[in-house]
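Trainee: I have a model open and a list of labels to check. Can we go through how each one is earned?

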Amino acid sequence: MVVESARIVGEAPMFSIPEELKKLPTLPGVYIMRDVENVVIYVGKAKNLKNRVRSYFLKNLPDIKTAQLSKRITHFEYVVTDTENEAFILENNLIKQHLPKYNIRLKDGKSYPYIKITAERLPRVLVSHKRGKDKARYYGPYVMGSVHDMIELIHRLWPLRRCAKVFPRDFDKGRPCLNHHIGRCKAPCCRILAEEKYDEFAREAEQFIRGKTSGVAERLTREMHEAAENMEFERAAEIRDTINALKMLKQKQKLETGENDRDFIAVARQADEITALMQIFFVRDGKLVGREHYLLDAGDAENAEVMSAFIKQFYGEAAFIPKEIVVAEAAEKDEIAAWLGDRVGRQVAISVPKIGEKLKMLKLAQTNAELTLSQFGAHIKKETERNETALSEIADALGIENKLTRIEAYDISNIQGYESVGSMVVFENGKAKSNDYRKFRMKTVVGPDDYAAMEEILSRRFKRYNENMDALNKPQSTGDDSFFKLPDAIFVDGGKGQISAAEKALAGQNISVPVCGMVKDEKHRTRGIFFENEEKILPRHGEGFKLLTRIQDEVHRFALEYHRKLRAASQTRSVLDEIPGIGKTRRKELLKHFKSIEAIRAASIDELSAAPSMNKKSAEAVHKFWQEEE
């Protein structure tokens, strides 16, 4: 891949658009449009960069959005890629990094859970909100309630482990845990269950997740009758309840649509509104397993363009891509399908049905999209307007012309210098984006020095940004880390001292972002913003003041919560560390078993002996320790 015209950045007046258009290659790649302030306002990809970029400067432009965009372009860059698929990936990465004004973008950062089957020896079945860079297998996405129902049912049907032990390292270490004693795990860690049998259970559970439930129902019915015949009525009742839970789950999935995994996507829009609502029906192994809606800033783009933009952004990060995506229309659907196929290593189809069951299901998705938009449209519009007003009021108070799309806020928490920690919270378009929150534990600062701590966490955060910039220009990069993005403004909890520390950290990383202090009154309530050596007072009942208060409260809460967690863990360790013969594993198991130090203190020797990894000798040591303390 080759990056061109990057030398022009920051020198817009010297940039001659006619001359640079002559230099464009007839190769695939990504183009980046910038305005007079050097802000990225549009990112696009092209099979032929020369033809595509030149089209923005024609006299007769195809639509209003392109006409408005072309008026604001003062210079551009482009990246030549080896293939069109590389261009797809790079385009997505750059859109996520720069959040360009004229690109169609997902408005909300919703993250829906997947079921993850780990690639460990003795695999586990977990809930995951993110696709990790590992060899695990992911299924979904699911709505929040249904995924936890399924996980709970899986653990009732198969005795799969829930512990985080690492094998073969942890084989035969300690005694079986509580899950073994209540019949939820067969203790493969202690070799009570053969590894081959455990793997068989894991394979059955995976088949169940894929929707193959008939064999499970037959087995359970057989076991229930056998238990009843043996007069094991409690066991029979327990199996009956599991069968009922399985039936309820199947009822949620009763809508049959075919044999393959498919997603049905419909778009709904209101007249003169820039927001589009996307409704997805998730069909797995022929069964409807869930539905969700997402919002996009669509501008005046055609529905086909909106659909393509959504598919690229949604499936560019999705942990699972179905074999078929069914839509009413989509631009470049064959190219996008090829790109998705390369991502997953198999064929992916984007189809537009004209007749049959697929069309019926798509119409159902369309009806639901329109109903959802009519139900929530007014609320969505009101919330969007409120957030835009709040951001506009803050930008006006600071004298910043650019829109504050992404705000990062930082705070330091310590008590008399003990265990200083930092927090970073993120607000995008006026809404908290919890997936991008980050915690920092001090590495170089000792003692209660909030200024030095602020400088350290900002230095680490933007050092990571600089290190990751090259990765964003690589097609294999996902660009999904919070540190890949540059904020429009930084808010720090405090005044001049914290601002100076933050600015020093930014200067050290060659980053230029406005830094504001969030100041409080004598009652520790939000008062205003400190910026450029001046306190900016926002109207107390205005939306900007309310948003500033939410940001300050949230960053303080997040820092304090992390600090309390570390402090509690440290206090716990300091007490249990003093007990002879009680190592790290036993301390952990005691706390997990008894839930608190007070419960451990009150336990008898027999109760202590019954805890996982404990024996009579270690129980006596713990009991003796508390007696001596008293």
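Trainee: Is Ser-618 buried or exposed, and what makes it count that way?

Mentor: The model is predicted, so keep that in mind throughout. Ser-618 has 5% relative accessibility. Buried means under 20%. Therefore Ser-618 counts as buried.

Trainee: Where does Ser-618 lie, and which residues is it in contact with, beyond its neighbours within four places in sequence?

Mentor: Ser-618 lies in helix H19, residues 616-629. Outside that sequence window, Ser-618 is in contact with Ile-582 and Arg-586.

Trainee: Which residues of helix H16 are buried?

Mentor: H16 covers residues 584-594, and its buried residues include Arg-587, Glu-589, Leu-590 and Phe-594. Lys-595 follows H16 and has a positive phi, near 75°.

Trainee: Why is the pair Glu-332 and Lys-45 called a salt bridge?

Mentor: The closest N and O atoms of Glu-332 and Lys-45 are 2.6 Å apart. The cut-off is 4 Å between a side-chain nitrogen of Lys or Arg and a carboxyl oxygen of Asp or Glu. The pair of Glu-332 and Lys-45 is within it, so the label holds.

Trainee: What does the pair tie together?

Mentor: Glu-332 lies in the loop between strand E12 (324-326) and helix H11 (333-344), and Lys-45 in strand E3 (residues 40-46), so the salt bridge ties together parts 287 residues apart in sequence.

Trainee: How do you know which class of exposure each partner falls in?

Mentor: Glu-332 has 35% relative accessibility, so it is partly exposed. That class sits between the 20% and 50% limits. Lys-45 has a relative accessible area of 8%, so Lys-45 is buried.

Trainee: What makes Glu-120 and Arg-161 a salt bridge?

Mentor: Their closest N and O atoms are 3.5 Å apart. The limit is 4 Å, so the pair of Glu-120 and Arg-161 qualifies. Glu-120 lies in the loop between strands E6 (114-117) and E7 (125-128), and Arg-161 in the loop between helices H5 (144-157) and H6 (178-181), so this pair ties together parts 41 residues apart in sequence. Glu-120 is partly exposed at 29%, and Arg-161 is buried at 2%.

Trainee: Why are Arg-169 and Asp-170 put in opposite classes, exposed and buried?

Mentor: Arg-169 has a relative accessible area of 54% and is exposed, the limit being over 50%. Asp-170 has 9%, so Asp-170 is buried. Their side chains meet in a salt bridge, 3.0 Å from N to O.

Trainee: Which residues do salt bridges with shared partners join into one network?

Mentor: Arg-406, Glu-408, Glu-428, Lys-433, Asp-436, Arg-461 and Lys-485. The count of salt bridges comes to 33.

Trainee: What makes Lys-71, Arg-72, Lys-101 and Lys-403 a patch of positive charge?

Mentor: Lys and Arg count as positive. Patch residues need over 30% relative accessible area and no salt bridge, with like charges joined within 9 Å. These four, Lys-71, Arg-72, Lys-101 and Lys-403, gather in such a patch on the surface. Lys-71 lies in helix H3, residues 64-72, and at 70% relative accessibility Lys-71 is exposed.

Trainee: How many helices and strands does the chain have, and what share of its residues count as buried?

Mentor: The chain has 19 helices and 21 strands. Of its 630 residues, 51% count as buried.

Notes:
Residues are numbered from 1 along each chain as its sequence is written. This is a predicted model: local features need pLDDT of at least 70, side-chain atom pairs count only at pLDDT 80 or more; totals for chains, interfaces and linings use all residues. Side-chain values use heavy atoms; hydrogens and water are left out. Helices (H or I, at least four residues) and strands (E, at least two) are DSSP runs, numbered from the N terminus. Buried means under 20% relative accessible area, exposed over 50%, partly exposed in between (1.4 Å probe, protein chains only). Patches are made of residues with over 30% relative accessible area and no salt bridge: like charges are joined within 9 Å, nonpolar side chains (Val, Leu, Ile, Met, Phe, Trp, Tyr) within 5 Å. Accessible areas come from the Shrake-Rupley method with a 1.4 Å probe; for residues, only the protein chains shown count as cover. The place of a charge is taken as NZ of Lys, CZ of Arg, CG of Asp or CD of Glu. Contact means heavy atoms within 4.5 Å.
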